[in-house]
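Subject: Structure handover

Hello,

Here is the structure for you to take over. My notes on it follow below.

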Amino acid sequence: MSFIITKEGAGMNEKRAAVLRAAKKLFAQKGYHNVAMQAIAEECKMSKASIYKLFQSKEDLLLALIKFRKHEMLNKSAIINTETSLTPKERLAKKIALEITEFRENRQFINFLSNEGSSPDTAVFKKHLKETKSLIISWHKDSIIQAYGEEVEPFIWDIVIIFHGLMREFLFLVGTGKAQPDVTTIPPFIMSVLDLFIEKKLNEDQKSSLNEDIIASYMNFSSCWAPPKKEELLEDLLQKLKTKISSLSQDDVSVTELLSTADLLNEELFSKEPRTYLITALLDYLGKIEALQCDVSQIQTISIKE
């Protein structure tokens, strides 16, 4: 299957991204109800009619923005899972740091979503938020099992609740915008608490402290989780790479040549019989551009790993 992105498709994705960035900024600053589509259009220098070609309504735009943020977070988490140089616990620590950093960088927007008065009061929006919470719970559950092994499954929900309680308090501190805690110290602290609890449970009673009704509620709540596939990760990373190439200065590099290289890489990665030597050569060429090195490294991690 080929995932080659046409110039028209890439342009459409870039327009959507521009609208999403503008909407995120304005919603965070003023709240959903105080932002008109015309204001979003002016912020991203597009016509209101053009935005309505991409999004059916303001609520549709907000839902797309939430979905985009979820997609981004899950992709970054999935990339961490491929880092075989890290131990399972080190990967969990890196995910904790990622979540806290993402929250800090997007705290205005997240706080806006949490404020009932500034977000839409519709069944569709509430359902979307519930699904988002469900996904986060299940993501945490799976990440903890990956770090500590299947032996913690009998009391996994006890661990998840402890984990959520710790994360909630640290995210509150990060979200205040005042004296900020050192993010590097938070993952080791959270994991030290989990270590102590898990050790105690393994040495004593491994049964869950929660009754069956509560466990069933949690399991139903988190049933929608599904990690992104390798192809989805690569497609997303390649689109980001092309977007970054397009933003480079023509005075410093040949943007046309780099885009052609990225297209060839895209075609080779999704061919029936991808040639590893060619993929490596294309990535090496693109990686010579300093601004692209991070994206190239992520693609290399995903594509070369079996």
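In this predicted model, K76 is partly exposed, with a relative accessible area of 27%. Its side chain meets that of E102 in a salt bridge, at 2.7 Å from N to O. The pair links distant parts of the chain, since K76 sits in helix 4 (residues 58–81) and E102 in helix 5, 26 residues apart. E102 has a relative accessibility of 9%, so E102 counts as buried, the cut-off for buried being under 20%.

That pair is a salt bridge, and the structure holds eleven salt bridges. Two others are worth listing.

- E83 and K94: their side chains meet in a salt bridge of 2.8 Å, N to O. E83 lies in the loop between helix 4 and helix 5, K94 lies in helix 5, and the two are eleven residues apart. K94 is partly exposed, at a relative accessible area of 38%.
- D295 and K244: their side chains meet in a salt bridge of 2.9 Å, N to O. D295 belongs to helix 14 (residues 293–304) and K244 to helix 11 (residues 230–246), so this salt bridge ties together parts that are 51 residues apart in sequence. D295 is buried, with 8% relative accessibility, while K244 is partly exposed, with 32%.

Side chains of opposite charge can pair when their charged atoms come close. One lysine to look at in that light is K95, found in helix 5 (residues 88–105). How far from K95 is the nearest side chain of opposite charge? The side chain in question is D142, 8.7 Å away. A salt bridge needs a nitrogen within 4 Å of a carboxyl oxygen, so K95, although buried, has no salt bridge. Leaving aside residues up to four places away in sequence, K95 touches S77, I80, N81, W139, S143 and Q146.

K95 also helps to line the largest cavity, together with L92, I96, E99, W139, H140, S143 and F163. Helix 5 and helix 7 (123–148) are the elements that give two or more residues to this lining. Helix 5 gives the most, with four residues. By type, the lining divides into four nonpolar, two polar and two charged residues. The volume of the largest cavity is about 50 Å³, and the count of cavities of 30 Å³ or more comes to one.

Regards

Notes: Residues are numbered from 1 along each chain as its sequence is written. This is a predicted model: local features need pLDDT of at least 70, side-chain atom pairs count only at pLDDT 80 or more; totals for chains, interfaces and linings use all residues. Side-chain values use heavy atoms; hydrogens and water are left out. Buried means under 20% relative accessible area, exposed over 50%, partly exposed in between (1.4 Å probe, protein chains only). Lys and Arg count as positive and Asp and Glu as negative; His and the chain ends are not counted. Contact means heavy atoms within 4.5 Å. On a 1 Å grid over the protein atoms alone, a cavity is a set of points where a 1.4 Å probe fits but cannot get out, and a pocket is an open set with protein on both sides within 12 Å along at least five of seven lines; lining residues have an atom within 4 Å of a point. Grid points are joined across faces, edges and corners, and a volume is the space filled by probe spheres set on the points. Ala, Val, Leu, Ile, Met, Phe, Trp, Tyr, Cys and Pro count as nonpolar, Asp, Glu, Lys and Arg as charged, and the others, Gly among them, as polar.
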